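Visitor: Please take one part of this model and describe it closely, following the chain outward from that part to whatever surrounds it. I would like a connected account rather than a list.

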Amino acid sequence: ITPIKDALDFPVGVAIDSRETVGNPGKLTLKHFDQITPENHFKPEAWYDADRNFRPSSDAIALMDFARDNDLRVYGHTLLWYAQTPDWFFQDDAGNPLPADATGRAVLSQRLKDHINKVANWLATNYGKFGSATNPIVAFDVVNEVVADTPENPDGLRRSEYFRILGEDHIDLAFQYADQAFNVDHAASGVTRPVKLFINDYNSEQDGKQDRYHALVQRLLARNVPVDGVGHQMHLSMTTPISSLDGALDRFEDLPVVQAVTELDVTLATPITQAQTIDQGYFYRDAFKVFREHELFSATVWGINDTRSWRAEQAPLLFDGQLQAKPAYYGVADPE
Ligand code: XIL
């Protein structure tokens, strides 16, 4: 069967953990994809041991070695997130919540800066400077899911611990620290901005969330925050209108950013029937028709196969539990 990457003129990615770097899942990854996103191993909590020491995991190393050895691009995920982050980030030495005052701000912003610096420094030390031939990192989700799900606050931002302590500034700071670390301190000489810095969120195909997301990116750019890219997670279901995908990508084309589809999957209602699996093939075909009509930095599916999906029961991906191609695969790779 045709490699998916041969059927598309933009890079196509897959989210994997280290177990997908070996065996048949490893082979399937290499056959079909030219980019990987670490599904879990680059999340803030994954970098620290129980004593709060920065200690890159063997899983993170396995993913990076796999990418370097096989010429895969790596889309990093993620530096700042309200979830999968150690609790101590937001606590003082006694284990109490950091105060939302100058002291709390100083502590949390320093922790964020240290975290970003340590990740970038480790990657550059072990895989070469960013933008050099040996370093696979091409992009990073700097902030993940900072937009609110509901409209009650005029700023449209999620009430996370980061927001409570730093306000909207947590987003500016994350991008400034990441830009310095990835694109200045550890960039290969002569290469400008080798790592595209993304903001990433879900439900950007839905009206209210899309408005809040777009307004935020516009504010960031107006303040010269170094945002290069807007990520659309696209965790979808069969009831998502295809036109809304087009709408989401159209919406941000007025801004000087690149766009990526970062976490695509399409859930089915349970119990799953063959008819639904076929409909899902048409859904993927139509979604990728939209993607082909836009200029994308990359499009990534959130998992190699259904049983490895975070939504496994709803069979949302391109390959089944036996790693066999589903109609969804044919919709993407062979859309005629
Ligand atoms: C999910 C992973 O797929 C799971 O394995 C993990 O248990 C929880 O996180 N939005 C994101 C991703 O940005 O990081 C999430 O990934 C899915 C939702």
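Guide: In this predicted model, Gln-84 lies in the loop between E3 and helix H3 (102–127). The backbone of Gln-84 has a phi near 45°, a positive value in a residue other than glycine. Gln-84 counts as exposed because it has 12 C-beta neighbours inside 10 Å, and the cut-off for exposed is 12 or fewer.

The strand on one side of that loop is mostly covered, with seven of the nine residues of E3 buried. On its E2 side, E3 is joined to strand E2 (residues 35–38) by two bridges, and the two strands run parallel. One pair of bridge partners there is Ile-36 and Val-74 of E3. The chain passes from E2 to E3 by way of helix H2 (residues 58–70), in a β-α-β crossover that is right-handed. E3 is also joined to E4 by six bridges, again in parallel. Val-74 takes part here too, with Ile-137 as its bridge partner in E4. From E3 the chain reaches E4 through H3, and this β-α-β crossover is likewise right-handed.

A further backbone feature belongs to E3 itself. Thr-78 is found in this strand, which covers residues 73–81, and the peptide bond from His-77 to Thr-78 is cis, with omega near 5°. Thr-78 is also one of the residues touched by Asn-200, which leads on to strand E5.

Before E5, the loop after E4 deserves a remark. Glu-145 lies between E4 and helix H4 (161–166) and has a positive phi of about 60° although it is not a glycine. Glu-145 is buried, with 20 other C-beta atoms within 10 Å, whereas Gln-84 counts as exposed.

E4 (residues 137–144) pairs with E5 in the parallel sense over five bridges; among the partners are Phe-140 and Leu-197 of E5. E5 is largely enclosed by the rest of the structure, because six of its six residues are buried. Lys-196, Phe-198 and Asn-200 point one way from E5, and Leu-197, Ile-199 and Asp-201 point the other way.

Phe-140 also appears in the largest nonpolar core. Of the 89 residues of that core, Phe-140, Val-142, Ala-174 and Ala-178 touch the most other members. Helix H5 (residues 169–185) supplies the largest share of this core, eight residues. Leaving aside residues up to four places away in sequence, Ala-178 touches Leu-79, Ile-116, Phe-140, Val-142 and Leu-197.

Asn-200 lies in E5, which spans residues 196–201, and is buried because 26 other C-beta atoms are within 10 Å. Beyond residues up to four places away in sequence, Asn-200 touches Thr-78, Asp-141, Asn-144, Gly-231, Gln-233 and Thr-262. Arg-223, in contrast, is 23 residues from Asn-200 in sequence and 19 Å from it in space, C-alpha to C-alpha.

On the E6 side, four bridges join E5 to strand E6 (residues 229–232), and the two run parallel. Gly-231 of E6 is the bridge partner of Asn-200. Helix H6 (residues 207–222) carries the chain from E5 to E6 in a right-handed β-α-β crossover.

His-232 is placed in E6 and is buried, with 26 other C-beta atoms within 10 Å. Although 31 residues apart in sequence, His-232 and Asp-201 are 5.8 Å apart in space, C-alpha to C-alpha. With residues up to four places away in sequence left out, His-232 touches Ser-204, Ala-248, Gln-259, Val-261 and Thr-262. Thr-262 is also among the residues touched by Asn-200.

Two contacts of Asn-200, Asn-144 and Gln-233, lead to the ligand. The residues around the ligand are Glu-39, Asn-40, Asn-144, Gln-233, Glu-263 and Trp-310. By class, this shell divides into one nonpolar, three polar and two charged residues.

One more cis peptide bond may be noted, that from Thr-270 to Pro-271, with omega near -5°. Pro-271 is placed in the loop between strand E8 (258–267) and helix H8 (274–292).

Definitions and conventions: Residues are numbered from 1 along each chain as its sequence is written. This is a predicted model: local features need pLDDT of at least 70, side-chain atom pairs count only at pLDDT 80 or more; totals for chains, interfaces and linings use all residues. A residue is near a molecule or strand if its C-beta atom, placed from the backbone, lies within 6 Å of it. Ala, Val, Leu, Ile, Met, Phe, Trp, Tyr, Cys and Pro count as nonpolar, Asp, Glu, Lys and Arg as charged, and the others, Gly among them, as polar. Two residues are in contact if their C-beta atoms, placed from the backbone, lie within 7 Å. A nonpolar core is a set of buried Ala, Val, Leu, Ile, Met, Phe, Trp, Tyr and Cys residues joined through C-beta atoms within 7 Å. Two strands pair if DSSP finds at least two bridges between them. A crossover is right-handed if, with the strands pointing away from the viewer, the path from the first strand over the helix to the second runs clockwise.
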